[in-house]
Amino acid sequence: MKKKSNPRVIAFDLGGTKLASAVVDSQGAILAQHREFVEFTKGVEGFRKFLLDRALDWKRQFPDVRALGIASCGPLDPSRGVLLQPTNFPKWGDITLLGPLTRKLKLPVAFQNDAAAAALAEGWVGGARTMRNWIVLTLGTGVGTGIIMDRKAFMGGSGFGPEAGHMILTDKPYACGCGNMGCAEAVLSGTGLRNRIKELKLPIGGSHALVEAARGGDGKAREIFAEYAAVLARLIHNLSVPYKPDAIFLSGGLGEAHDLFLESAKAQAEKLLAGRPGFMPKLKMSKLGNDLGILGGAYMGKEALNG
């Protein structure tokens, strides 16, 4: 009997400060992985070399890998394989990755916004395998948005992907990294939570400590998460009305604190959508956890193989 093909790919999940990389097979099984800080101290060429060296190292360990897939923080242009001055990077301007990596690695390379890639991975090996339309919200340092329509990533007219984290959802003067006030990201991100800690002068050291304080019954910490739930409900409403997804999946580091906001956000979203029967999506936690970004990169590697 002919052995069934199970090609392996290198997967990169490139963030603003860290790179997670892995070798993944065609069924989504992670065979080996590595996490490290991104090299920013040696300029653009040093950054490109850092990525190439990591890919070559995987290629040496797994000589049968057939492609590289990159899920990257943005903004970026996936068709040209160019990072468009990512928010948390040094001020290097645009950075071309696709061409140099393809030539030097001698493998096909595919490149995508990390939120879109994560949403595609949710449909590949996650909870959206039987769905047609879904959204993944990544709640971490920022708020990522991956929208899937008819099982294809919706990238908008620019091709750069949606940025629902920058919908303005509160009239409170919460500063967002984009320059506006009151964005969803200014409330729902780890950065937003750290800002609330500073504004309220709470004796708490960061968002993880805030989560533990809220779980321990601290009144101020619980108020912050009550506001978090209210803004998340508005975001769910604002995404459900135009896109009518079957489900919205939550992922990212703050998703692990869902016991503090998920039920309240769901109840509030149901009220906001009560006048539109059938528009309330299923609200789920992604079961792919911290591997979702890597699996997004692996999905892009699978796409590179498919041409």
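In what order do the five strands of the open, mixed sheet stand? The order is β3-β2-β1-β4-β8. Welcome to this structure, which is a predicted model. This briefing walks through its two open sheets, one of five strands and one of three, then turns to a helix, a strand hairpin, a buried serine and a cavity.

**The five-stranded sheet**

- Pairing in this sheet is mixed, and its edge strands are β3 (30-37) and β8 (109-113), each of which pairs on one side only.
- On average, neighbouring strands of this sheet are turned by 15° against each other, with direction ignored.
- As background, the strands of a sheet pair through backbone hydrogen bonds, and they can do so in a parallel or an antiparallel way.

**Strand β1 and its two partners**

- Strand β1 covers residues 8-14, and because six of its seven residues are buried, β1 is largely enclosed by the rest of the structure.
- With strand β2 (residues 18-25), β1 runs antiparallel, and seven bridges join the two.
- β1 and β2 make a hairpin, with three residues between them.
- With strand β4 (residues 68-72), β1 runs parallel, and here five bridges make the connection.
- A11 is a handy residue to look for: it stands opposite A22 in β2, and it also stands opposite G69 in β4.
- L14 offers another landmark, as it stands opposite S72 in β4.

**Helix α2 against the sheet**

- Helix α2 (residues 98-105) packs on the five-stranded sheet, where it touches β4 and β8.
- The direction of α2 makes about 150° with that of β8.
- Which residues of α2 are buried? They include L98, P100, L101 and L105.
- The cover over the buried residues of α2 includes α1 (43-61), β4, β7 and β8.
- Just after α2 comes K106, which takes a positive phi of about 60°.

**The three-stranded sheet**

- Three strands make up an open sheet with antiparallel pairing, in the order β5-β6-β7.
- Why is one side of β5 and of β7 left without a neighbour in the sheet? β5 (76-77) and β7 (94-96) stand at the edges and each has a single partner strand, so one side of each has no neighbour there.
- β5 and strand β6 (residues 82-84) run antiparallel and are joined by two bridges.
- To see this pairing for yourself, start at L76, whose bridge partner in β6 is L83.

**Strand β9 between β10 and β12**

- Strand β9 (residues 134-139) is mostly covered, with five of its six residues buried.
- β9 and β10 run antiparallel and share six bridges.
- These strands, β9 and β10, form a hairpin, and three residues lie between them.
- Within this pairing, V136 has G146 in β10 as its bridge partner.
- β9 also pairs with strand β12 (residues 247-251), this time in the parallel sense and over five bridges.
- Here L137 has L250 in β12 as its bridge partner.

**S240, a residue in helix α7**

- S240 sits in helix α7, which spans residues 219-243.
- Is S240 buried or exposed? S240 is buried, as its relative accessible area is 0%.
- Setting aside neighbours within four places in sequence, the contacts of S240 are P245, I248, L273, F279 and P281.

**The cavity**

- Rolling a probe the size of a water molecule over the atoms is a way to see where empty space is left.
- How many cavities of 30 Å³ or more does the structure hold? The structure holds one.
- The volume of the largest cavity is about 30 Å³.
- Residues lining the largest cavity include N113, A116, F154, M155 and P162, and G146, the partner of V136 in the β9-β10 pairing, is also part of the lining.
- Strand β10 (residues 143-149) gives the largest share of the lining, four residues.
- Sorted by class, the lining has seven nonpolar and four polar residues, and no charged ones.

Methods: Residues numbered from 1 in each chain as written. Predicted model: local features only at pLDDT ≥ 70, side-chain atom pairs only at ≥ 80, totals over all residues. Heavy atoms only, no water. 1 Å grid on protein atoms, 1.4 Å probe; cavity = no way out; pocket = protein on both sides within 12 Å on 5 of 7 lines; lining within 4 Å. Points joined across faces, edges and corners; volume = space filled by probe spheres on them. Nonpolar A, V, L, I, M, F, W, Y, C, P; charged D, E, K, R; others polar. Pairing = 2+ DSSP bridges. Buried < 20%, exposed > 50% of the residue type's maximum accessible area, 1.4 Å probe, protein only. Contact = heavy atoms within 4.5 Å. Axes fitted to C-alpha atoms, helices over the stretch in contact; angles between N-to-C directions.
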